[in-house]
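Student: Please take me through one part of this structure in close detail, starting from a single residue and following its contacts outward.

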Amino acid sequence: MNKVKKILAPTDLSELSQAGVRYALEEASSSGSEVIAYNVVGYQEAVPYYEPEVAPLPYQVPTAEEAVEEHRKHLAKFLQENFADLIAKTTVRQEVAIGTPFRNIVEKAAAEKVDMIIMSTHGRTGFLHTLIGSVAEKVVRLAACPVLTVRPKREALPHQAAA
């Protein structure tokens, strides 16, 4: 197996996504890899729908560039608040894009020629999974590089602990 030099760590800035980002940063600090912390903003988040009763005129709908810049600030804050201990130990590049998360992640991995994608997964199954799909599953299916999915720690159920 080739040495991992570049890791893509997608995050939606949620508490859930911290597990994947932490794993990526820990891997990078032990192997000397670079991490690209990557936040993809959905179109609806980037340019919110104008609601005149909530924001009367003159309401300025933010431009895509303004939305990206705002999310860059959120990404920097997310990383500093949750991973300051690991950021000092590795090279981290922060990037934000607007689009469809799974598509952007796969395209970014290819464009950057990353060696691995490390990302969190909700671990949904059944109807909920069928209804809303899974960004992680689509990335696993479509990415040309290895993808490591990380589930946040949770308590084992009694019947699982005995196994």
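Tutor: Arg 93 is a good place to begin: with 26% relative accessibility it counts as partly exposed, a class that runs between buried (under 20% relative accessible area) and exposed (over 50%), computed with a 1.4 Å probe on protein chains only. The model is a predicted one, in which local features need pLDDT of at least 70 and side-chain atom pairs count only at pLDDT 80 or more, whereas totals for chains, interfaces and linings use all residues. Residues are numbered from 1 along each chain as its sequence is written, and side-chain values use heavy atoms, with hydrogens and water left out.

The side chain of Arg 93 meets that of Glu 112 in a salt bridge at 2.9 Å, N to O, the term being used for a side-chain nitrogen of Lys or Arg within 4 Å of a carboxyl oxygen of Asp or Glu. This pair links distant parts of the chain, since Arg 93 belongs to strand E3 (residues 91–98) and Glu 112 to helix H4 (residues 101–112), 19 residues apart; helices (H or I, at least four residues) and strands (E, at least two) are DSSP runs, numbered from the N terminus. Glu 112, at 16% relative accessibility, counts as buried. Through salt bridges that share partners, Arg 93 and Glu 112 are joined with Lys 6, Glu 34, Glu 95 and Lys 108 into one network. Just past Glu 112, in the loop between H4 and strand E4 (116–120), comes Lys 113, which has a positive phi of about 55° although it is not a glycine, and which is exposed, with a relative accessible area of 67%.

The structure holds 9 salt bridges, and another of them brings in helix H3, where Asp 85 meets Arg 22 at 3.7 Å, N to O. Because Asp 85 lies in H3 and Arg 22 in helix H1 (residues 18–31), the pair ties together parts that are 63 residues apart in sequence. Both ends of the pair are partly exposed, Asp 85 with a relative accessible area of 44% and Arg 22 with 28%.

H3 itself (residues 64–87) departs from a straight course: its 24 residues place the end C-alpha atoms only 28 Å apart, short of the 34 Å that a straight helix would reach, where the expected span is 1.5 Å times one less than the number of residues. A kink of about 65° is centred on Glu 81, the bend at a residue being the angle between axes fitted to the seven residues ending there and the seven starting there. Within the helix, a salt bridge joins Glu 69 to Arg 72, with the closest N and O atoms 3.3 Å apart; these two are 3 residues apart, about one turn of H3.

Among the buried residues of H3 are Val 68, His 71, Leu 75, Phe 78 and Phe 83. The structure holds 1 aromatic pair, and it is formed by Phe 78 and Phe 83, edge-to-face, at 5.7 Å centre to centre with 70° between the planes. Rings of Phe, Tyr and Trp (its six-membered ring) pair if their centres lie within 6.5 Å, planes under 30 degrees apart counting as stacked, over 60 as edge-to-face and the rest as tilted. Phe 78 has 7% relative accessibility, and Phe 83 has 1%.
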